[in-house]
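Colleague: I would like to learn how to read a new structure. Could you walk me through this one, feature by feature?

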Amino acid sequence: TGADFHGMRLAFESPGTSTWVTGTTLAMIRGADSTCVCVFEGRVAVRSSTGIDTVFAGTRRVIPDGSKAARVEAIRPMETMKLSMLRARLSAPPGR
């Protein structure tokens, strides 16, 4: 989300999860049997079968389908690099 996002909301749905964005840079990756929410900056609320959890900057939450427990871990170096590139692109002035 960019600077014009202030006060806006964006929601993503995947099997078994809901994710609410309120102004941050993140990736939501849907795998064959799980959803991964990677947060580069800010924080994101994620609802799953275990309730609503907050994913903080620099971490990823992997929510498996079914009854397995979610994992919270540091985002991977490649995810950090790609999200950093996205953030820089969104921050660049238009027309370039």
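Modeller: Happily; we will go from the overall layout to the strands, then to the salt bridges and the surface. Please keep in mind that this is a predicted model.

Colleague: Let us begin with the layout, then. How many helices and strands does the chain have?

Modeller: The chain has 1 helix and 8 strands. Read from the N terminus, the order of the elements is β-β-β-β-β-β-β-β-α.

Colleague: And what share of the residues is buried?

Modeller: Of the 96 residues in the chain, 28% are buried. The chain exposes about 6300 Å², and carbon and sulfur atoms supply 57% of that area. As for contacts, take those with a separation of 6 or more: residues 24 or more positions apart account for 33% of them.

Colleague: Now the strands. How do strands of a sheet hold on to each other?

Modeller: The general idea is that strands of a sheet pair through backbone hydrogen bonds, and the pairing is either parallel or antiparallel. Here, one open sheet has 4 strands in the order E1-E2-E5-E6, with antiparallel pairing. Its edge strands are E1 (10-14) and E6 (51-56), each of which pairs on one side only. From one strand to the next, the twist averages 20°.

Colleague: Can we zoom in on one pair? How many bridges join E1 to E2?

Modeller: There are 5 bridges between E1 and strand E2 (residues 17-21), and the two run antiparallel. To find a matching pair on your screen, look for Glu 13, whose bridge partner in E2 is Ser 18.

Colleague: Strand E7 is not in that sheet order. Which strands does E7 pair with?

Modeller: E7 pairs with E4 in the antiparallel sense over 6 bridges. One of the matches is Ser 34, with Pro 64 as its bridge partner in E7. E7 also pairs with strand E8 (residues 71-74), again antiparallel, over 4 bridges. There you can look for Val 62, whose bridge partner in E8 is Arg 71.

Colleague: What lies between E7 and E8?

Modeller: E7 and E8 form a hairpin, with 6 residues between them. In the turn, Gly 66 has a positive phi of about 85°.

Colleague: Is E7 mostly covered or mostly open?

Modeller: E7 is mostly covered, as 5 of its 6 residues are buried. Arg 60 is buried too, with a relative accessible area of 4%; the cut-off for "buried" is under 20%.

Colleague: An arginine that is buried makes me curious about charges. What should I look for in a salt bridge?

Modeller: Look for a side-chain nitrogen of Lys or Arg within 4 Å of a carboxyl oxygen of Asp or Glu. By that rule the count comes to 6 salt bridges. One of them joins Arg 60 and Glu 79, at 3.3 Å from N to O. Arg 60 lies in strand E7 (residues 59-64) and Glu 79 in helix H1, so this pair ties together parts that are 19 residues apart in sequence. Glu 79 is also buried, at 13% relative accessible area.

Colleague: Which residues are joined with that pair into one network?

Modeller: First look at Glu 73 and Arg 71, whose side chains meet in a salt bridge of 3.5 Å, N to O. Salt bridges that share partners join Arg 60, Arg 71, Glu 73 and Glu 79 into one network. In that network Glu 73 is partly exposed, at 28%, and Arg 71 is partly exposed as well, at 40%.

Colleague: Where else can I see a salt bridge, say one with Glu 41?

Modeller: Glu 41 forms a salt bridge with Arg 87, where the closest N and O atoms are 2.6 Å apart. Glu 41 is in strand E4 (residues 34-41) and Arg 87 is in helix H1 (residues 77-91), so the pair links parts that are 46 residues apart in sequence. Both ends are partly exposed: Glu 41 at 26% relative accessibility, and Arg 87 at 24%.

Colleague: Last, the surface. Which residues form a nonpolar patch there?

Modeller: Met 78, Met 81 and Met 85 form a nonpolar patch, with about 320 Å² of accessible area together. Met 78 has its place in helix H1, and at 53% relative accessibility Met 78 counts as exposed.

Technical notes. Residues are numbered from 1 along each chain as its sequence is written. This is a predicted model: local features need pLDDT of at least 70, side-chain atom pairs count only at pLDDT 80 or more; totals for chains, interfaces and linings use all residues. Side-chain values use heavy atoms; hydrogens and water are left out. Buried means under 20% relative accessible area, exposed over 50%, partly exposed in between (1.4 Å probe, protein chains only). Two strands pair if DSSP finds at least two bridges between them. Axes are lines fitted to C-alpha atoms, for helices over the stretch in contact, and angles run from 0 to 180 degrees between N-to-C directions. Patches are made of residues with over 30% relative accessible area and no salt bridge: like charges are joined within 9 Å, nonpolar side chains (Val, Leu, Ile, Met, Phe, Trp, Tyr) within 5 Å. Accessible areas come from the Shrake-Rupley method with a 1.4 Å probe; for residues, only the protein chains shown count as cover. Contact means heavy atoms within 4.5 Å.
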